[in-house]
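User: I would like to go through the terms used for this model and see what each of them rests on. Please begin with the handedness of helix crossings.

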Amino acid sequence: PVSDTLVRLVMPSLSNTDNHPAIGFLQQLYETRRAEANLEKSLLFPELKVGYFRQNITETDIRYRGLQGWTVEVAIPLWFRPHQANIQRLKIRSLQAQENLALGRQQLSNARRKALSDLEKYQRLLAYYEEQGLEQARVIQHTATLQMDAGEIDFFQYLQSMQRYTQTRLQYFETLRNYNQSIIQVEYLSE
């Protein structure tokens, strides 16, 4: 047979899982929820505004030119109960987002560990096929062809040998496909 056209992918470099886009999204969601809760808490405090103004009422009359003034405003919230309920609700949402972030990190770590385990398994299988399996299949094919030409085996035995040869090669290609898919999965989980 001619050389195989399937290519074995190269193992990617592994990076930190905190850089994964899904974790980044969950981190932003948690920070947003926490900021919402802090904003709602800040509404319980009195609001203080201080201002200064300088105004010209008319251009002609000198008495009304350059009026200056100061303003001081104090706003005190009167209803604490609705704000307290909102604060509690937003705190719970913040805690939920924090738990979702921790869960997302754990799930990503588990998926990454499984993908690496699968990759190692397929690496071992590929090593077997490349070192022994494909060579044995080639020997089976060559021997069956020689025996068939010499008349030592009948056509049915020849077909059985060719089936073993073909099955071994198909298993090799299936293993190579699974290995490449594992590489792609590890690469995705390591973004």
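Analyst: A crossing counts as left-handed if the near helix is turned anticlockwise from the far one by less than a right angle, and as right-handed if clockwise. In this predicted model, helix 2 passes helix 3 in a left-handed crossing, and the contact between these two helices has 24 nonpolar, 11 polar and six charged residues.

User: Why are helix 2 and helix 3 called roughly antiparallel to each other?

Analyst: The axes of helix 2 and helix 3 (residues 155–189) cross at roughly 160 degrees and come within 7 Å. Angles over 145 degrees count as roughly antiparallel, and helix 2 and helix 3 are therefore given that description.

User: What makes helix 1 and helix 2 roughly antiparallel to each other?

Analyst: The axes of helix 1 (residues 21–42) and helix 2 (residues 81–150) come within 8 Å, with a crossing angle of roughly 165 degrees. Set against the cut-off of 145 degrees, helix 1 and helix 2 are therefore roughly antiparallel as well. Their crossing is left-handed, and the residues of the contact divide into 10 nonpolar, seven polar and eight charged.

User: How do you know that Arg33 and Glu36 meet in a salt bridge?

Analyst: The N to O distance between the side chains of Arg33 and Glu36 is 3.8 Å, and the definition asks for a side-chain nitrogen of Lys or Arg within 4 Å of a carboxyl oxygen of Asp or Glu, so the pair qualifies as a salt bridge. Both residues lie in helix 1, three residues apart, which is about one turn of the helix. The structure holds six salt bridges.

User: Which residues make the nonpolar surface patch, and which elements give two or more residues to it?

Analyst: Leu48, Val50, Tyr52, Trp70, Val72, Val74 and Ile76 make a patch of about 850 Å². Strand 1 (47–55), where Tyr52 has its place, and strand 2 (67–75) are the elements that give two or more residues to the patch.

Conventions:
Residues numbered from 1 in each chain as written. Predicted model: local features only at pLDDT ≥ 70, side-chain atom pairs only at ≥ 80, totals over all residues. Heavy atoms only, no water. Axes fitted to C-alpha atoms, helices over the stretch in contact; angles between N-to-C directions. Helix = DSSP H or I, 4+ residues; strand = E, 2+ residues; numbered from the N terminus. Parallel < 35°, antiparallel > 145°, perpendicular 65-115°, else oblique. Nonpolar A, V, L, I, M, F, W, Y, C, P; charged D, E, K, R; others polar. Patch = residues over 30% accessible without salt bridge, like charges linked within 9 Å, V, L, I, M, F, W, Y side chains within 5 Å. Areas by Shrake-Rupley, 256 points an atom, 1.4 Å probe, with all protein chains shown as cover.
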